[in-house]
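Here's a quick briefing on one protein chain, written for someone who likes cut-offs spelled out. Have a look at the model first, then read on.

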Amino acid sequence: MEDKRENMVKVMDEEDTQAAFRAADEMMSLAKLDEAAEIVSRVVQETKLIYSDSLSRETGNKVYLKPENMQLTGAYKLRGAYYKISTLSEEEREKGLITASAGNHAQGVAYAAKAYGVKATIVMPTVTPLMKVNRTKSYGADVVLYGDVYDEACAKAYELAAEHGYTFIHPFDDLDVAAGQGTIALEIIKELPTVEYILVPIGGGGLATGVATFAKKLNPNIHVIGVEPAAANCMQESLKAGHVVTLPSAQTIADGTAVKTPGSHIFPMIQKYVDDIITVEDEELIAAFLDMVENHKMVVENSGLLTVAALKHLDVKGKKIVSVLSGGNMDIITMSSMLQHGLIQRGRVFTISVLLPDKPGELVHVASVVAKLQGNVVKIEHNQFVGINRNAAVELQLTMEAFGHEHKKEIMDGLRAEGYDPKEVMPRL
């Protein structure tokens, strides 16, 4: 009898899920896309596709970048925020708007609210980069800092909405917001009708929902691949489970996608229209950042770099691929840290520690060995008081530029050939 009840509940749950999907799918129609595109075009600027020679060579595909990092407010989020506000009644707007965001949705809502002449309050995690906080304030919004991750900030935003009667604008678990983000798919297909793969970052899933749904409805043959940080793969785990799950943590340098629980309203659309999920380690984002700066002269934030790093995980050749660069709002301190770690990761900056005899000429000798091997010294630390054994009493630390790991090894081997024993240590730039 108990098994029958369990089966009945399961069938009812499945029926409810299918009914919810049908309602959502009907709402996310091509007519909805046309409406969203017309409204969004009033505020967004066109982000033309950029063909990437370097990424195309590396992957054996034709890779194009959709540079939403160049969008107004520095990210795609303006699209969904502006379209969502357009669907609200005057009464809902006049109550004032509130949302929670790690930064990009915050700026999108703040900018859109200002365009509509309404008040906005934004709850942001306390770890949000100062630049994103200040930019949000610059659009006229009130900012409340709360919690360590988005989920905690969101709970606080709901609490404030109930207390003050504000209208809540969800950053991703809202079909109107997703429809606004999905205008990206229309732009991609209009510009590159033969696109075969679209890679899109996933935090809570709003962008992926809009892009995947509309891309598939415009051309069912397009593959839409979601990309998540490996340490914040809430959508991947939810798809495996068949229902929305909450991760115990979401610790990643891709702060815009550091979400523990994906959207439940949009989840059925992800199940239907997203073909696969790729996860990316934080270390891969560091390399991708360096690539974007050096090869494309663009600053892309870590969440936006997910789709660039994911290209190496995509096992296809000769395909036309679009990587959506979702945003470019990175503060200077994070940027400098990313550059430093990227150079270290690629062996282009490294530091060695060498113990020298305490006698004249040793420093000059080491410098001459490095110079002959074309190492470029950028910093020297010379400590004459590390020990009392005069044969190894001086510690010399050299921070150098090299062409890469092979060149670094040549310098290390060259010093060993001269009788030194260099140890690599963490650079202090």
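How many helices and strands does the secondary structure of the protein chain come to? The answer is 18 helices and 14 strands, where helices (H or I, at least four residues) and strands (E, at least two) are DSSP runs numbered from the N terminus. Keep in mind that this is a predicted model, so local features need pLDDT of at least 70 and side-chain atom pairs count only at pLDDT 80 or more, while totals for chains, interfaces and linings use all residues. Residues are numbered from 1 along each chain as its sequence is written, and side-chain values use heavy atoms, with hydrogens and water left out.

**The chain overall**

- The C-alpha trace spans about 80 × 55 × 50 Å along its principal axes.
- Of the chain's 429 residues, 55% count as buried (under 20% relative accessible area; exposed is over 50%, partly exposed in between; 1.4 Å probe, protein chains only).
- About 19,200 Å² of the protein chain is exposed, and carbon and sulfur atoms supply 52% of that (Shrake-Rupley method, 1.4 Å probe; for residues, only the protein chains shown count as cover).
- Take the contacts (heavy atoms within 4.5 Å) between residues at least 6 apart in sequence: 73% of them join residues at least 24 apart.

**Helix packing**

- Two packed helices are described by the angle between their axes and the distance between the axes. Axes here are lines fitted to C-alpha atoms, for helices over the stretch in contact, and angles run from 0 to 180 degrees between N-to-C directions.
- H10 (residues 183-191) and H11 (residues 206-218) have axes that come within 7 Å and cross at roughly 45°. The two are therefore oblique to each other (under 35 degrees is roughly parallel, over 145 roughly antiparallel, 65 to 115 roughly perpendicular, and the rest oblique).
- The H10–H11 crossing is right-handed (the near helix is turned clockwise from the far one by less than a right angle; anticlockwise would be left-handed). Ile 184, Ala 185, Leu 186 and Ile 189 of H10 meet Leu 207, Val 211, Phe 214, Ala 215 and Leu 218 of H11.
- By class, that H10–H11 contact has nine nonpolar, no polar and no charged residues (Ala, Val, Leu, Ile, Met, Phe, Trp, Tyr, Cys and Pro are nonpolar; Asp, Glu, Lys and Arg charged; the others, Gly among them, polar).
- H14 (residues 282-296) and H16 (residues 332-345) cross at roughly 100°, their axes coming within 9 Å, which makes H14 roughly perpendicular to H16. Residues in the contact include Phe 289 and Leu 290 of H14 and Met 335 and Met 338 of H16; the class split is ten nonpolar, three polar and one charged.
- H17 (residues 362-372) packs on H18 (residues 405-417) at about 140°, axes 9 Å apart, and that makes H17 oblique to H18. Val 366, Val 369 and Val 370 of H17 touch base with Ile 411, Gly 414 and Leu 415 of H18.

**Two residues to click on**

- Asn 61 sits in the loop between helix H3 (53-59) and strand S2 (62-67), and is buried at a relative accessible area of 4%.
- Leaving out residues up to four places away in sequence, Asn 61 touches Ser 56, Val 316, Lys 317, Gly 318, Lys 319 and Ile 321. Asn 61 and Leu 311 are 250 residues apart in sequence but 9.4 Å apart in space, C-alpha to C-alpha.
- Arg 93 belongs to helix H5 (residues 90-94) and is buried, with a relative accessible area of 11%.
- Not counting residues up to four places away in sequence, Arg 93 touches Ile 85, Ser 86, Leu 88, Tyr 116 and Val 118.
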